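Look at the sequence and the 3D structure below before reading on. The text after them leads through the fold step by step.

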Amino acid sequence: MAMISISGKVLQQLRTMVRKGLCMNKRQSNRPITFIANQRELSISISSENAILEYRESGSFVPVQFAAPLALMRECSASTRTDVLIKAGNEVVDVSWFEGAIPQQKLFPRLPAKPLPREPEQWCSNNSELMTALRDASGTADSESSQYALNCIRLRGHDGQLAATDGRQLLVQDGFSLPWEGQVLIPASPLFSCADLQRGTSTDVACQEAWVVFRNGPWSIWLKIDKTSRFPEVDSLVPTAVHGDRLLALNDEDAAFLQQNLQHLPGTNAANSPITVDLNGKVVFRARDAEKSSACDLIMSRSRWTGKFIRFAVNRHHLARAVQLGFRNFQVDRPESPVVAKSDHRTFVWANLCQESAFPPSDDAMQVDSADCSVKARRPDPPIKRDSQRSQKKRSAMCVS
């Protein structure tokens with residue numbers, strides 16, 4: 001009877017990534033988890049339709065290949081400080097461990113092993129930013145899309161670019177090392193959001209026949225290449241630079257303030273969750289609840305806008321995502337043209353809402369200043385004296401059109 005030993009911590013990590021990354025639940029309990037050991041290392045892998053999650057551990061093992069139902073991980077409740085002993089018989093896989101001083105045992109049917117695709121020969125090394133970029137790209141794609149390849153990430157070899165879009169927002173990241181010349185499409189995967197896959201210091205990438213492989217420490221992600229879908233034309237939406245004459249520079253402290261308060265503004269549940277960006281000397285984010293007729297202005301007093309006055313409406317979820325991704329510089333040429341955010345080797349573009357969604361200032365709006373979090377009700381400006389031309393000009397210059 002072949003026998004291998006693994007830590008309860010590894011089983012817990014696998015269980016979490018299978019549930020969150022491969023989106024498998026109790027209904028997939030009969031899917032196989034494959035164990036392949038040789039004299040140098042142990043490989044544990046789980047496959048879904050378009051992805052394979054693999055864990056590798058170096059050591060001296062008795063050569064063996066077998067599989068057991070995925071229920072093995074769910075029913076084995078070993079703690080992270082406990083080793084799990086797995087014995088593969090001819091028909092049964094015996095799993096045993098200790099809970100405290102009490103021995104535990106579970107039996108599972110032995111299944112045929114499902115070997116991995118052939119190991120790639122050519123790898124390119126990247127720093128940990130690649131795994132972060134893949135996480136952010138997967139969060140931008142549309143996992144439910146059936147049109148174009150909006151559920152895919154485009155990886156382009158010659159400039160090391162990753163691109164992902166859901167048709168309303170676009171994230172482009174470049175400067176990575178990819179071992180191919182053309183472009184490939186891989187499915188966006190929640191695996192990249194798993195914490196254990198974000199802890200490595202480097203990520204290697206390779207392409208093998210129908211698969212792209214990412215290796216991060218002991219973990220590897222195999223994603224099947226989509227050779228039939230078509231990725232939308234997005235290159236024309238990405239400017240080479242952000243022009244300095246029409247630029248919103250969001251202060252870091254203002255960005256944190258905006259993240260904390262954006263979801264609490266009025267109108268969150270309205271269609272497209274509109275929020276008005278009013279740039280006229282001050283940087284103001286304005287929201288209104290149409291039913292309650294309440295309005296609130298967030299004044300970003302530490303942020304700056306250079307350029308002519310502009311007022312436009314955006315979906316607050318796109319704005320929140322841009323800020324959460326770390327973008328601080330934004331450009332928009334016209335009220336209904338896309339907003340372009342650029343930072344180092346990343347560009348984030350999203351479509352604005354129609355101009356009718358932009359709210360003008362209101363006299364009764366609550367105003368909240370980001371610098372001191374002071375709250376005050378807005379009052380009408382005092383009347384202009386007819387006999388003072390200088391006062392009229394001064395009032396016109398301050399008026400929000």
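The paragraphs that follow describe a sheet, the helices on it, a hairpin, the nonpolar cores and a few single residues.

The model shown here is predicted. A good place to start is the sheet. It is open and made of 8 strands, in the order β5-β2-β3-β4-β16-β15-β14-β9, with antiparallel pairing. At its edges are β5, residues 64-69, and β9, residues 124-127, each of which pairs on one side only. Neighbouring strands of this sheet are turned against each other by 20 degrees on average, with direction ignored. In a regular strand the side chains alternate between the two faces of the sheet.

Within this sheet, one pair can be followed in detail. Strand β4 covers residues 51-58 and strand β16 covers residues 219-224; the two pair in the antiparallel sense over 5 bridges. One position to look for is A51, whose bridge partner in β16 is L223.

Two helices can be placed against these strands. Helix α1, residues 8-20, lies across β3, β4 and β16, and runs at about 170 degrees to β4. Helix α3, residues 129-140, packs on the sheet as well, where it touches β9, β14 and β15. The direction of helix α3 makes about 125 degrees with that of β15.

Which helix holds M17? This residue lies in helix α1. M17 has a relative accessible area of 1%, and because a residue under 20% counts as buried, M17 is buried. Its contacts, not counting residues up to four places away in sequence, are L22, L53, L191, C194, D196, L197 and W219. Distance along the chain and distance in space can be set side by side here: M17 and A195 are 178 residues apart along the chain, while their C-alpha atoms are separated by 9.0 Å.

C194, one of the residues that M17 touches, is buried too, with a relative accessible area of 7%. A disulfide is a covalent bond between the sulfur atoms of two cysteines. How many disulfides does the model have? The count comes to 0. For C194, the nearest cysteine sulfur is that of C23, 8.9 Å away. Because a disulfide requires two cysteine sulfur atoms within 2.5 Å, C194 is in no disulfide. Another cysteine, C296, is buried with a relative accessible area of 9%.

Back in the sheet, strand β3 contains S47. Is S47 buried or exposed? It is buried, at a relative accessible area of 15%. S47 touches M24, R31, I52 and K114, not counting residues up to four places away in sequence. Between S47 and I33 there are 7.8 Å in space, C-alpha to C-alpha, and the two are 14 residues apart in sequence.

Next come strands further along the chain. Strand β18, residues 274-280, has 6 of its 7 residues buried, so the strand is largely enclosed by the rest of the structure. It runs antiparallel to strand β22, residues 310-315, and 6 bridges join the two. In this pair, V277 has F312 of β22 as its bridge partner. Strand β18 is also joined to strand β19, residues 282-289, by 5 bridges, again antiparallel. N280 has K282 as its bridge partner in β19. β18 and β19 form a hairpin with 1 residue between them, and G281 in the turn has a positive phi of about 85 degrees.

The interior can also be described through its nonpolar residues. In soluble globular proteins, nonpolar side chains tend to be buried together. The largest nonpolar core of this model has 62 residues, and those with the most contacts inside it are I4, L14, V84, I86, V95, L155 and F214. A second, separate core of 33 residues includes L171, L248, L265 and F285. To see the surroundings of one residue of the largest core, take I4: leaving aside neighbours within four places in sequence, I4 is in contact with F35, A37, L42, F61, V64, F66, V84, L85 and I86.

The last stop is Q161, which is found in strand β11, residues 161-165. Q161 is buried, with a relative accessible area of 7%. What does the side chain of Q161 make a polar contact with? The partner is the side chain of R154, at 2.6 Å. Other residues in contact with Q161 include L155, R156, V172, Q173, D174, L178 and D235.

Notes
Residues numbered from 1 in each chain as written. Predicted model: local features only at pLDDT ≥ 70, side-chain atom pairs only at ≥ 80, totals over all residues. Heavy atoms only, no water. Pairing = 2+ DSSP bridges. Helix = DSSP H or I, 4+ residues; strand = E, 2+ residues; numbered from the N terminus. Axes fitted to C-alpha atoms, helices over the stretch in contact; angles between N-to-C directions. Contact = heavy atoms within 4.5 Å. Buried < 20%, exposed > 50% of the residue type's maximum accessible area, 1.4 Å probe, protein only. Core = buried A, V, L, I, M, F, W, Y, C linked by side-chain atoms within 4.5 Å. Polar contact = N/O pair within 3.5 Å; in protein donor to acceptor, adjacent residues only side chain to side chain.
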